[in-house]
Amino acid sequence: MISIQNLSFDYANFLALQDITVDIPQGSITALVGPNGAGKTTLMRCLTALTLPTHGKILMDEIDIAVEPHACHRMTGFLADNFGLYEQLTIEQSISYFAAAHGLKNDERIEQVIAQVHLTNKTHELIKNLSRGMRQRVGIAQAIIHQPKYLILDEPASGLDPEARIELAGLFKKLNQEGITLIVSSHILAELDQYANNLLILKNGKIVESGFDMNVENKKSVNHFVIHAANISLLYSFANNEMYEVLNTENDKATIAINEKYTLQDCMQYFMGKGLQVSEFYKETGNIQDAYLKTIKNA
Ligand code: ATP
């Protein structure tokens, strides 16, 4: 787990991060979002021990990374926004170079990492000939060559076409299943929705929302369900309203909050008994985009 405690960062005359305290759960994929200038890159640089905070500390698996930055570097992979690659090298040479920088002389690991990012059939291709999506994957391979527990990616999807973004989302999910905890910043919220299960929203250097288990919207609406029925207006006419509260209706659809004492099945049985023509009944799920817009507007 990464524990960020009372973290502040001051660029001499500008307070970019203000008293940030939050935990990043082990095994999560955290979407780090916020408007331009919110402090995302600054936070990522602190998390990778490239910059020391002005106040506060970061514990990575209980290790204070300001005290032991090398331990942090061993545990962490980082892909910076606008990272550079050596254009004249091949993919294999490029990754071997990073492996050597980590003190690794393991050809098997190099092959394995190339396979992890799906570049096996491009091993001998020169970097200068690669598409943007492939370059991102080489960057990720370099960042994970030393098998880090944490992978921190600053705007990895920027400039990618939709197909490359989908591929990248799949790669993040796979790396996560292999045990890596990811922190990903992006302005493309719909894409983060596909793989993130933890949300951290920054604005003006402060956390305005954070939450595990998908997103803020889910956290706030654990007992909210959506029901579709041709005769939805009947919902209002039933006498037993201890079981649920109707929050809103729209056409043939309503959102209800079910009383904690009852289950979805209780409600379903009740509605069927009353003649409600239910065609769909499911838990309300929000998305990062909705949560972000609501939070940023109110912050
Ligand atoms: P973006 O989404 O545009 O990449 P961000 O959320 O990553 O933004 P940061 O790059 O962390 O934000 O910047 C946070 C704030 O700190 C901004 O107001 C920025 O202008 C300021 N800042 C960043 N680097 C420096 C610096 N070297 N000196 C002074 N201020 C800086």
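Which residue just after α1 takes a positive phi? Ala 49 does, with a phi of about 60°.

## The model

This is a predicted model, in which local features need pLDDT of at least 70, side-chain atom pairs count only at pLDDT 80 or more, and totals for chains, interfaces and linings use all residues. Residues are numbered from 1 along each chain as its sequence is written, and side-chain values use heavy atoms, with hydrogens and water left out.

## Around the ligand

Residues near the ligand (a heavy atom within 4 Å of it) include Tyr 11, Phe 14, Gly 39, Lys 40, Thr 42 and His 187. By class, this shell has five nonpolar, six polar and one charged residues; Gly counts as polar and Lys as charged.

Polar contacts are pairs of N or O atoms within 3.5 Å. A polar side-chain atom of Thr 42 is 2.5 Å from a ligand oxygen. A polar backbone atom of Gly 39 lies 2.9 Å from an oxygen atom of the ligand, and a side-chain N or O atom of His 187 lies 3.0 Å from one. The ligand exposes 640 Å² when taken alone, and the protein buries 61% of that (Shrake-Rupley method, 1.4 Å probe).

## Helix α1

Helix α1 spans residues 40-47 and gives the largest share of the ligand shell, three residues. Helices here are DSSP runs (H or I) of at least four residues, numbered from the N terminus.

Six of the eight residues of α1 are buried (under 20% relative accessible area, 1.4 Å probe, protein chains only), so the helix is largely enclosed by the rest of the structure. The buried residues are Lys 40, Thr 42, Leu 43, Met 44, Cys 46 and Leu 47.

Technical notes
Polar contact = N/O pair within 3.5 Å; in protein donor to acceptor, adjacent residues only side chain to side chain. Helix = DSSP H or I, 4+ residues; strand = E, 2+ residues; numbered from the N terminus. Buried < 20%, exposed > 50% of the residue type's maximum accessible area, 1.4 Å probe, protein only.
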